[in-house]
Amino acid sequence: MSNATTAVTTPHATFDRALLLVVPAAAFMLLLFVYPFLYGLALSFNPKEGGALWNYVHFWETDNLLPTIWTTLRLALPATLINVGLALPIAFKMRVKSPYQRWATTILVIPITLGTVLIAEGMLTYFGPKGWLAQFLQFFHLYNGSIRLTHNYWGVLISLVISGFPFAFLLILSYITGIDPVLARAASTLGANPRAQFRTIYLPLLAPGLAMCFCLAFVQAFSVFPSAVLLGSPAGPTRVISIAAYEAAFEQYDYSLASAIAMIMGFVQLIIVAAVLGLRNVMYRGPVTGGKG
Amino acid sequence: MDHDFTELKLDRVTRRFAGAGGHAFAALNELTLTIQRGEFIALLGPSGCGKSTALNCIAGLMQLSGGSIWLDETRIDTLPPEKRGFGMVFQNYALFPHMTVAKNIGFGLKMRGLPDAEVSPRVAHALKLVQLTGQEHKLPGQLSGGQQQRVAIARAIVIEPPLVLMDEPLSNLDAKLRIETRAEIRRIHKELGRSTIYVTHDQDEALSLADRIVVMKDGVVQQIAAPHDVYAQPANLHVARFMGYRNVVELAVESEAGDRVTLTGPDLRLTGVRKQPLAGGRAVVAMRPEELALGASADGANTISGTVDNVEYCGRDSLVDVVTASGTLLHVRATGTPRTGDMVQVHVPIERTLVYPHE
């Protein structure tokens, strides 16, 4: 009743001024994300020569452009799977508070503080043909063949695992510790051994989080650039899509083509992320505690 | 696990934790108890008394620091919880949020490798037992607190465990639902004919549900007795306080004859029944507000004079605070309605005046 009166006298009273708090964030998004994205999108349809779609046709028809998608996927997908797959059991072990938990977590997370370049530097010395690893293996006659873990596919993959693992680990750890441990205890009183507890309780409740983690880890790995150049062979097996974009922009000075490559790169990421998140939608996504607390 | 057991024996079950400064303290100290098949046992005590620790030790969720647990001739305290096969109802229900009601209830049967054809009729029966038929396809989040609690109970009993463990299962329910579910728990216990161990801090729950009550304090058992005995004959002052003996007065011992003790204070003289050996010249009397009455007793014994200090109207009766001339405060449940400032007399029967050594 009183609501109706207010509505009549002040028709604009429905505007909530607290919404203004969104303005800075929205402006930030518009200026630093939406505008550059749209600018790049428009630029990609303004090629140096030919019609609006020339860049995209060119990408499709050129021998050293289209394969970069597969090259990148061949690196990013295994790296993501390794990171998520490795982080899950370790985070699961770390879920219980213990005296050494903090130390273990710290050691596992340290690579996050190192840049990719620093990691590449270290890897070149450690994994190189004359590196410590090769010297160690040969000194103890464990493996006498030549060891090539740098300047090829494996170097980039290892570096992606080193730099990507801490992210996946921290993310999964936070999901796991969010699951009420009393659920597993309840399952154990009902006859579930630790394996069954993991399979029936933890895994289904973690699945949406794992999907999210996979997406983030994948996007990070797909945009690999420094390690592909420093640790891979950027002319051959690790000529990833970001290298193609870089070359177009800064060696051929074709910003339009570079924008088109960046758009294609974004599109591929979008497809994978959409597929994984679509899968996530069919899973249970509710609270992960066992009742009113 | 074999269900045709006759008794569960706890033999000096002890659980120690590392306390502050590295000193181990016993959250549970030498609990010895034999539970017969069909018995309903309540572990009663204030929070931190070790009752939940005891339950977790029996369930296998906590390792013992000492002692042993036996199901007939089988030692079970070395088995992991999944091998013990006891049903447990948790305080916050611990329902699996991603499973439907039916899946939750059927979980224990699935884990035992039973085929679907056998699981579904048993789940249906358990649902009927807790009166939740028709809710089987809902997720726990779609149920009310009371319904969730009943799912938790159904999940624990559908595996037909020799022993059902309940950890304050009613503490999250409102008062009305609590009383309803209480009756339900007693009915289900009878229907199953197995044993139940029920942890609570609520004496009403313990009194109304249990065949025997184990009163605990600081990890140590204070009294193990039938509800009526715990209520009327508390073994020590702690149990008395916990069972609602709100009037605790320290007095000088005047004489002892058999188990009758006469005590005196500056302005009162009481005769009561000794419950524990007394030492020294002083002792305390414990009296329930319900057992004090306004007016003088027939022979004038155990009659105290005082002034009404406060009256709390409770509907059926009133809670009257009476203060003696020397300042001793007595709580009295009285049907009359005296006014604040009235001079009154209060009396208490000798056999309801319990005498304990003073602390």
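Okay, straight to chain B, where strand β16, residues 303-313, is joined to strand β17, residues 318-323, by 6 bridges, and the two run antiparallel. Before I go on, keep in mind that this is a predicted model. If you want a pair to click on in that ladder, take Val308(B), whose bridge partner in β17(B) is Val322(B). The hairpin of β16(B) and β17(B) has 4 residues between the strands, and Gly315(B) there takes a positive phi near 95°.

Now stay on β17(B) and look at its pairing with strand β18, residues 329-334 of chain B. Here again 6 bridges do the joining, and the strands run antiparallel. What is the bridge partner of Val322(B) in β18(B)? That would be Leu330(B). So Val322(B) shows up twice: with Val308(B) in the previous pairing, and with Leu330(B) in this one. The hairpin of β17(B) and β18(B) has 5 residues between the strands, and in the turn Gly327(B) has a positive phi of about 95°.

Next up, the barrel, still in chain B. In which order do the strands of the barrel go? It's β11-β12-β13-β20-β14, 5 strands that close up, with mixed pairing. On average, neighbouring strands in this sheet are turned by 55° against each other, if you ignore direction. To zoom in on one piece of it, β12 (residues 260-264) and β13 (residues 269-274) of chain B pair in the antiparallel sense over 5 bridges. Leu263(B) has Leu270(B) in β13(B) as its bridge partner there.

Chain B also has an open sheet. That one has 4 strands in the order β2-β1-β4-β5, and the pairing is antiparallel. Its edge strands are β2, 24-36, and β5, 74-75, each of which pairs on one side only. Between β1 (residues 7-18) and β2 of chain B, you get 9 bridges in the antiparallel sense. Have a look at Phe17(B), which stands opposite Phe25(B) in β2(B). And there's a helix lying on this: α1 of chain B, residues 51-59, lies across β1, β2 and β4, running at about 65° to β2(B).

Over to chain A and a helix pair. The axes of α3 (residues 54-61) and α13 (residues 255-281) of chain A come within 9 Å and cross at roughly 70°. How do we describe that? Angles of 65 to 115 degrees count as roughly perpendicular, and α3(A) and α13(A) are therefore roughly perpendicular to each other. As for handedness, α3(A) passes α13(A) in a right-handed crossing. On the α3(A) side, the contact is made by Asn55(A), Tyr56(A), His58(A) and Phe59(A), and α13(A) brings Ser256(A), Leu257(A), Ala260(A), Ile261(A) and Ile264(A). Sort the residues of that contact by class and you have 6 nonpolar, 3 polar and no charged.

Last thing, where the two chains meet. The contact takes 23 residues from chain A and 28 residues from chain B. On chain A, α9 (181-189) and α10 (194-222) each supply at least two residues of the side that touches chain B. Which element gives the most to that side? It's α9(A), with 6 residues. By class, the side of chain A that touches chain B comes out at 12 nonpolar, 9 polar and 2 charged residues. Okay, over to you.

Technical notes
Residues are numbered from 1 along each chain as its sequence is written. Chains are lettered from A and ligands numbered from 1 in the order in which they are written. This is a predicted model: local features need pLDDT of at least 70, side-chain atom pairs count only at pLDDT 80 or more; totals for chains, interfaces and linings use all residues. Two residues are in contact if their C-beta atoms, placed from the backbone, lie within 7 Å. Ala, Val, Leu, Ile, Met, Phe, Trp, Tyr, Cys and Pro count as nonpolar, Asp, Glu, Lys and Arg as charged, and the others, Gly among them, as polar. Axes are lines fitted to C-alpha atoms, for helices over the stretch in contact, and angles run from 0 to 180 degrees between N-to-C directions. Angles under 35 degrees count as roughly parallel, over 145 as roughly antiparallel, 65 to 115 as roughly perpendicular and the rest as oblique. A crossing is left-handed if the near helix is turned anticlockwise from the far one by less than a right angle, and right-handed if clockwise. Two strands pair if DSSP finds at least two bridges between them.
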